[in-house]
Amino acid sequence: MDIVILAVVIAVVVLGALGGLIVGSRRKKQLPPPPPAAPDITAPPAEPHVGDEAETPREEPRRTIEEVDLPDGSAPVVVEEPPAEAPEIEIPEPTAGRLVRLRTRLSRSQNALGKGLLTLLSREHLDEDTWEEIEDTLLTADVGVQPTQELVERLRERVKVLGTRTPEELRTLLREELVTLVGRDMDRVVKTEPEDRKPGIVMVVGVNGTGKTTTTGKLARVLVADGQSVVLGAADTFRAAAADQLQTWGERVGAHTVRGPEGGDPASVAFDAVKEGKEMGANVVLIDTAGRLHTKTGLMDELGKVKRVVEKQAPVDEVLLVLDATTGQNGLVQARVFSEVVDITGIVLTKLDGTAKGGIVVAVQRELGVPVKLVGLGEGADDLAPFEPEAFVDALIGE
Ligand SMILES: Nc1nc2c(ncn2[C@@H]2O[C@H](COP(=O)(O)OP(=O)(O)OP(=O)(O)O)[C@@H](O)[C@H]2O)c(=O)[nH]1
Ligand SMILES: [Mg+2]
């Protein structure tokens, strides 16, 4: 038993020291602990890791043991008391400029798409072969056939008009055309604040493993950072771990999670979440749903029901479809089916950090006629960025 306690103590001290190193290397806001009643705000000990198993207790009281006698009677070991831990409510980073901060995460798309295009366009002779290469570059990056043809046509025209080309002119031209292709005028605001009532209601849907729960958690952080109060609805009742995962995200920013029994009716959890959100006077209710294959009719019907049941109380303001960017064109088929079952109002493209297929932004918007509103650029808690066409294109074509 003593050995076990000693092992625990040593592990805590070593982990504490390592944690200290990691936190120390990051820029963190260090604020004094809040008064007992205040709901926010203290600095996090470390960034959470997306998909952390929520069963791992995070706020376990640390044991304090001054002296432990080793079983063989050797000298007592003195263990320093670990510093008292502050309650773990975090201050998320503001969202302004996040895409700029995270632009290096797009390096794979930058190399494959942006820089590739610039290099090709800079060739002295833009012959048919080169134009074909330009087309291939766009198709490989999943821009889609129709948008690719449009862009190539525009580029051909403008390059012809330009005559001799300086690298600067080419960059400006390509930037303009790419921003136009991605779309300047779409309303990309995530609707969380209906004018006439509270709370705003957001549903998060998509196939398995695309990043729904993670996105819901990251979005909750964004909203809390903006001063909104958030209630989370764990309408993924397939696995208890799913609700735990969501609740863990919520706890980190002080958001309440409504959950139901494992295997229970997801629609009733969603309904209860909105009801509680109303009662608590929350600004926003975010409903996380279970991943489901778009080909499973029963599950798709269930999703439709979740939305209809919620709407007995108030309209859903935003239905976010979460698509994994690394699945490329396959995402388009999913998108179509989901949009038939629940009206999708916005797209979240996750895992853009792990793919060279950034062109999927263009393709998926075309497919659904719905804007990409948020992009996931990593597993870190604040690696979700509002999508801004200019910043995105700048990241693609580099400095
Ligand atoms: N690199 C990267 N990983 C991400 C991103 N978003 C989510 N992930 C990872 O994707 C995995 C799945 O995330 P979840 O949020 O659990 O996905 P989900 O859609 O809720 O999954 P199910 O509920 O099982 O359908 C996790 O390991 C996340 O860390 C992203 O933008 N970039
Ligand atoms: Mg999930």
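In this predicted model, a polar backbone atom of Gly376 lies 3.2 Å from an oxygen atom of ligand 1. Further along the chain, Gly378 places a backbone N or O atom 3.3 Å from a nitrogen atom of the ligand. Thr214 contributes through its side chain, a polar atom of which is 2.3 Å from an oxygen atom of ligand 1. Taken on its own, ligand 1 has 650 Å² of accessible area, and the protein covers 82% of it. The surroundings of the ligand comprise 20 residues, the closest being Lys212, Thr213, Thr214, Asp353 and Glu379.

The salt bridges offer a second route through the model. Side chains of opposite charge can pair when their charged atoms come close. Here the count of such pairs reaches 23. In one of them, Asp382 and Arg221 are joined with their closest N and O atoms 3.1 Å apart. Asp382 belongs to the loop between β9 (372-376) and β10 (384-386), whereas Arg221 belongs to helix α7; the pair therefore ties together parts that are 161 residues apart in sequence. Both partners, Asp382 and Arg221, are buried.

Strand β9 also takes part in a salt bridge of its own. Its residue Lys373 is paired with Glu318 of strand β7 (residues 318-324), a link between distant parts of the chain, 55 residues apart. The separation from N to O in this pair is 2.9 Å. Lys373 is buried, with a relative accessible area of 3%, and Glu318 is likewise buried, at 0%.

A further pair bridges a shorter stretch of sequence. Glu302 and Arg292 form a salt bridge in which the closest N and O atoms are 2.8 Å apart. Because Glu302 lies in helix α10 (residues 297-310) and Arg292 in the loop between β6 and α10, this pair ties together parts that are ten residues apart in sequence. The two partners differ in exposure: Glu302 is partly exposed, with a relative accessible area of 21%, while Arg292 is buried, with a value of 1%. Elsewhere, salt bridges form a network that links Arg154, Glu157, Arg158, Glu176 and Glu177.

Two helices show how elements of the fold are enclosed. Helix α8 (residues 240-253) consists of 14 residues and spans 21 Å from its first C-alpha to its last, close to the expected 20 Å. Its buried residues are Ala242, Ala243, Gln245, Leu246, Thr248, Trp249, Gly250, Arg252 and Val253. Among the elements that cover them are helix α7 (212-225) and the strands β4 (230-235), β5 (256-258) and β6 (284-289). Helix α7 thus appears both in the cover of α8 and as the location of Arg221. Immediately after α8, Gly254 adopts a positive phi of about 75°.

Helix α13 (residues 389-397) is largely enclosed by the rest of the structure, because seven of its nine residues are buried. These are Pro389, Ala391, Phe392, Val393, Ala395, Leu396 and Ile397. The buried residues of α13 pack against other helices, namely α2 (98-101), α3 (107-121), α6 (167-182) and α12 (360-368). Just beyond α13, Gly398 has a positive phi of about 70°.

Definitions and conventions
Residues are numbered from 1 along each chain as its sequence is written. Chains are lettered from A and ligands numbered from 1 in the order in which they are written. This is a predicted model: local features need pLDDT of at least 70, side-chain atom pairs count only at pLDDT 80 or more; totals for chains, interfaces and linings use all residues. Side-chain values use heavy atoms; hydrogens and water are left out. Helices (H or I, at least four residues) and strands (E, at least two) are DSSP runs, numbered from the N terminus. The expected span of a helix is 1.5 Å times one less than its number of residues. Buried means under 20% relative accessible area, exposed over 50%, partly exposed in between (1.4 Å probe, protein chains only). Contact means heavy atoms within 4.5 Å. A residue is near a molecule or strand if one of its heavy atoms lies within 4 Å of it. A polar contact is a pair of N or O atoms within 3.5 Å; within protein, one must be able to donate a hydrogen and the other to accept it, and residues adjacent in sequence count only if both atoms are side-chain atoms. Accessible areas come from the Shrake-Rupley method with a 1.4 Å probe; for residues, only the protein chains shown count as cover. A salt bridge is a side-chain nitrogen of Lys or Arg within 4 Å of a carboxyl oxygen of Asp or Glu.
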